[in-house]
Amino acid sequence: MKFSIVNGQRQEAQPSLSGKCPVCAQTMIAKCGEVNIWHWAHKGRRVCDPWWENETEWHRAWKGQFPESWQEIVHQADSGEKHIADVKTDHGWVIEFQHSYLKPEERRSRDAFYPKLAWVVNGVRRKRDSEQFRNALNRAMRDGSNARMRIPFADECAILRDWAGGNAPVFIDFGPGPTLWWILGGAPTGSVDVAPFSRSDLIEIFRGGATQKSREFEEFVNSLRKPTSRAEPQPLAQALNRTDTQPVSGVPQYRMQMRRRSRRF
Ligand SMILES: [Zn+2]
């Protein structure tokens with residue numbers, strides 16, 4: 001973990017410090033070696049939050065986009081169950097940055113635990129993922145200049161197979177470019193809809209809280225959860241489904257990056 005409680009204050013790991021775990025209050029030791037990023041670990045091998053995964057530079061870089069007071073927030077359900085959210089915004093969004101593989105059942109339990117959850121998934125952990133995703137985009141179907149694309153046979157792409165079909169929005173991060181890929185809907189074994197989405201817009205949306213952009217995002221996410229209420233007045237829905245020639249920000253760069261031939265119908 002990045003923070004532990006030292007003398008009543010949240011503090012980052014420093015050599016020879018010890019602290020208390022914000023979840024279970026047991027002793028934590030500062031691990032300040034040369035190989036791994038400096039972090040806190042429970043004394044012994046005990047891990048009190050089974051959902052916690054070891055942090056990477058990738059985690060830290062994402063968390064660092066948000067105020068420290070939003071990072072590593074203990075969330076407790078009415079049942080008493082506690083977990084540490086990577087980031088919890090001042091408007092109640094929990095953002096989980098997922099590097100390692102997550103079993104579908106564990107993912108579902110997190111979807112159920114956090115009322116407003118968004119996932120950012122590391123798409124460069126497995127070498128094959130970006131290539132498979134590029135191939136999937138090559139056979140994607142689009143309508144005019146819509147940003148939204150439908151990928152048939154999504155199960156041929158491991159990262160879509162792993163992440164499609166949940167309740168919470170999922171953004172795949174394929175590396176340092178300006179564009180993330182949003183999994184908008186579909187089933188892991190069928191076709192899956194995706195759309196490019198600007199990394200900086202997403203950060204702005206979560207940081208913004210009460211801004212119009214943030215409200216539009218939340219409305220759009222709610223409309224994805226309830227596909228039966230087919231009212232789509234939201235500007236964000238229009239942006240993702242737009243039919244004019246103006247692409248969602250980040251798309252042209254991504255197209256150049258991927259040198260993709262788009263197939264239209
Ligand atoms: Zn603990």
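**Close-up views of two cavities, a zinc site and a helix**

**View 1. The largest cavity, in which β8 gives the largest share of the lining, three residues.** The structure shown here, as in every view below, is a predicted model. About 100 Å³ of space lies in this cavity, which belongs to a set of two cavities of 30 Å³ or more held by the structure. The lining is made up of Trp51, Trp52, Glu53, Glu55, His59, Lys63, Ile84, Asp86, Glu96, Phe97, Gln98 and Arg110. At least two lining residues come from each of α1 (57-63), β7 (82-88) and β8 (94-98). By residue class, the lining divides into six charged, four nonpolar and two polar residues.

**View 2. The second largest cavity, with a volume of about 80 Å³.** Two elements, β9 (117-122) and α4 (158-163), give two or more residues each to the lining of this cavity, and α4 gives the most, with three residues. The residues in question are Gln98, His99, Ser100, Tyr101, Val121, Asn122, Arg125, Arg126, Asp129, Ile159, Asp162 and Trp163. Gln98 thus appears in this lining and also in that of the largest cavity. The lining of the second largest cavity divides into four nonpolar, four polar and four charged residues.

**View 3. The zinc ion and its four donor atoms, arranged as a tetrahedral site.** Coordination is provided by the SG atoms of Cys21, Cys24 and Cys48 together with NE2 of His42, at 2.0 to 2.2 Å from the zinc ion. The angles among the four donor atoms run from 102 to 115°, and for comparison the ideal angle for four tetrahedral donors is 109.5 degrees. Along the chain, the donors follow the spacing C-x2-C-x17-H-x5-C. Histidine 42 counts as buried because its relative accessible area, 10%, falls under the 20% limit that defines the term.

**View 4. Helix α5, residues 199-208, with its buried residues.** Arg199, Asp201, Leu202, Ile203, Ile205 and Phe206 are the buried residues of this helix, so that the buried set includes the charged side chains of Arg199 and Asp201 as well as the nonpolar ones of Leu202, Ile203, Ile205 and Phe206. As a guide to reading such a pattern, an α-helix has 3.6 residues a turn, so residues three or four places apart point the same way. Just after α5, the backbone continues into glycine 209, which takes a positive phi of about 65°.

Conventions. Residues are numbered from 1 along each chain as its sequence is written. This is a predicted model: local features need pLDDT of at least 70, side-chain atom pairs count only at pLDDT 80 or more; totals for chains, interfaces and linings use all residues. Side-chain values use heavy atoms; hydrogens and water are left out. On a 1 Å grid over the protein atoms alone, a cavity is a set of points where a 1.4 Å probe fits but cannot get out, and a pocket is an open set with protein on both sides within 12 Å along at least five of seven lines; lining residues have an atom within 4 Å of a point. Grid points are joined across faces, edges and corners, and a volume is the space filled by probe spheres set on the points. Helices (H or I, at least four residues) and strands (E, at least two) are DSSP runs, numbered from the N terminus. Donors are N, O and S atoms within 2.8 Å of the metal (3.2 Å for Na, K and Ca); water is not among the atoms, so sites may look incomplete. Four donors count as tetrahedral if all angles lie between 85 and 135 degrees; four count as square planar and six as octahedral if opposite donors are over 155 degrees apart and all others between 65 and 115; anything else is irregular. Buried means under 20% relative accessible area, exposed over 50%, partly exposed in between (1.4 Å probe, protein chains only).
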